[in-house]
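Q: I am new to this structure and would like to learn how to read some of its features. Could we go through them one at a time?

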Amino acid sequence: MRRRTTMFGLATTFALVTALAPTAYAAQDDVGASAATTTDVVASTTDAAIRSDQDWNPPSHLVNPLNEVWNHVESTYPDLYGFRNYGWDQLIANNGQINYCVRWDSAAPVSAQLRDEIHVALQRQVSKWMDVFQPGELGWPYDHVEVKVVGWAVRDRSTLQWNDDSVDIYVNDIRENAPQCAEPCGRFFNQDGDYSRCPGGADRHYDQSLWLTSGMGGGAGGDWGQRIGSEYMVGSLGQDNIHILLHEIGHTFGLDDFYDWTPSGVGGFLMKAGSASEVTEFDAWMFKDFWRHLRDRYGL
Ligand SMILES: [Zn+2]
């Protein structure tokens with residue numbers, strides 16, 4: 001059940017979801033099983049495949065390495081096309097917005113100003129990825145993806161030094177030995193989108209957690225969100241690129257690690273940990289390629 005904490009991680013966390021949430025998958029399949037829906041999906045899949053061939057035009061020097069990456073993904077991901085909780089799925093389900101819970105796994109006090117600075121920095125990192133798309137490119141339906149922080153989870157209420165009600169606060173709800181926002185509000189736990197047991201309702205549900213752990217180096221990322229060091233996050237707020245967080249967001253949207261191989265002809269890039277500190281051209285095209293292979297499921 002424990003996730004890797006000292007390395008960037010993807011495969012273990014995605015596998016974890018499959019093991020934990022089989023009922024959620026079954027329920028989702030049941031919802032979409034009407035004959036009319038099936039017919040619509042088949043028709044739009046055909047249309048989308050034609051469109052994607054027409055507007056998929058990466059730079060020529062990236063065509064081969066992108067193909068290598070996708071072939072590797074197809075041959076190594078256990079449920080590549082069946083998995084339904086990528087960041088893409090969450091974003092579409094939440095109409096172009098990502099709701100976050102901050103898991104403050106630290107005893108350090110948080111002022112209202114620090115809370116808001118973390119939100120701004122998180123929005124900036126998410127936008128680094130989302131802004132690789134031109135509106136309409138490859139059917140991408142958004143010109144802006146909004147990050148909304150709906151909750152903070154903490155061990156002790158007094159750690160949070162504000163009294164306004166701008167976010168929901170969850171105290172001492174412990175999972176994985178860290179504070180979490182209420183499970184009835186979390187996408188990870190409710191992949192059928194039913195947040196009726198969430199105290200704040202669907203508006204206060206969270207798609208991902210930004211899990212900030214005191215003393216942690218490196219990071220982890222998956223469909224549940226991103227985990228990095230709290231000191232690293234706070235110390236990086238003034239930086240344009242918070243590169244470990246950027247890398248982990250890449251995992252949330254399905255991108256792989258490159259510990260054991262490198263695509264032909266490309267140099268450093270963000271998803272090859274330690275070789276770049278920002279979203280490079282190659283990262284951007286890998287990101288678009290992942291979307292390209294999933295867009296049919298949304299009829300886009
Ligand atoms: Zn990684």
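A: We can begin with how elements are named: helices and strands are DSSP runs, with at least four residues for a helix and at least two for a strand, numbered from the N terminus. Please keep in mind that this is a predicted model.

Q: Where is the place of glutamate 176?

A: Glutamate 176 sits in the loop between β6 (174–175) and β7, and its phi is near 55°, a positive value in a residue other than glycine.

Q: Is glutamate 176 exposed, partly exposed or buried?

A: A residue is exposed if 12 or fewer other C-beta atoms lie within 10 Å of its own, and buried if there are 20 or more. Glutamate 176 counts as partly exposed because it has 13 C-beta neighbours inside 10 Å.

Q: How does glycine 201 count, and where is it found?

A: Glycine 201 is in the loop between β7 (178–179) and β8 (208–213), and it counts as exposed because it has 11 C-beta neighbours inside 10 Å. Its C-alpha atom is separated by 9.3 Å from that of proline 184, which is 17 residues apart from it along the chain.

Q: How do the axes of helix α4 and helix α9 cross?

A: An angle that is not roughly parallel, antiparallel or perpendicular counts as oblique. The axes of α4 (residues 60–76) and α9 (residues 281–294) come within 10 Å and cross at roughly 50°, which means that α4 is oblique to α9. The crossing is right-handed.

Q: Which residues of α4 and α9 meet?

A: Leu62, Pro65, Leu66, Val69 and Trp70 in α4 meet Phe282, Trp285, Met286 and Asp289 in α9, and the residues of this contact comprise eight nonpolar, no polar and one charged.

Note on methods: Residues are numbered from 1 along each chain as its sequence is written. This is a predicted model: local features need pLDDT of at least 70, side-chain atom pairs count only at pLDDT 80 or more; totals for chains, interfaces and linings use all residues. Axes are lines fitted to C-alpha atoms, for helices over the stretch in contact, and angles run from 0 to 180 degrees between N-to-C directions. Angles under 35 degrees count as roughly parallel, over 145 as roughly antiparallel, 65 to 115 as roughly perpendicular and the rest as oblique. A crossing is left-handed if the near helix is turned anticlockwise from the far one by less than a right angle, and right-handed if clockwise. Two residues are in contact if their C-beta atoms, placed from the backbone, lie within 7 Å. Ala, Val, Leu, Ile, Met, Phe, Trp, Tyr, Cys and Pro count as nonpolar, Asp, Glu, Lys and Arg as charged, and the others, Gly among them, as polar.
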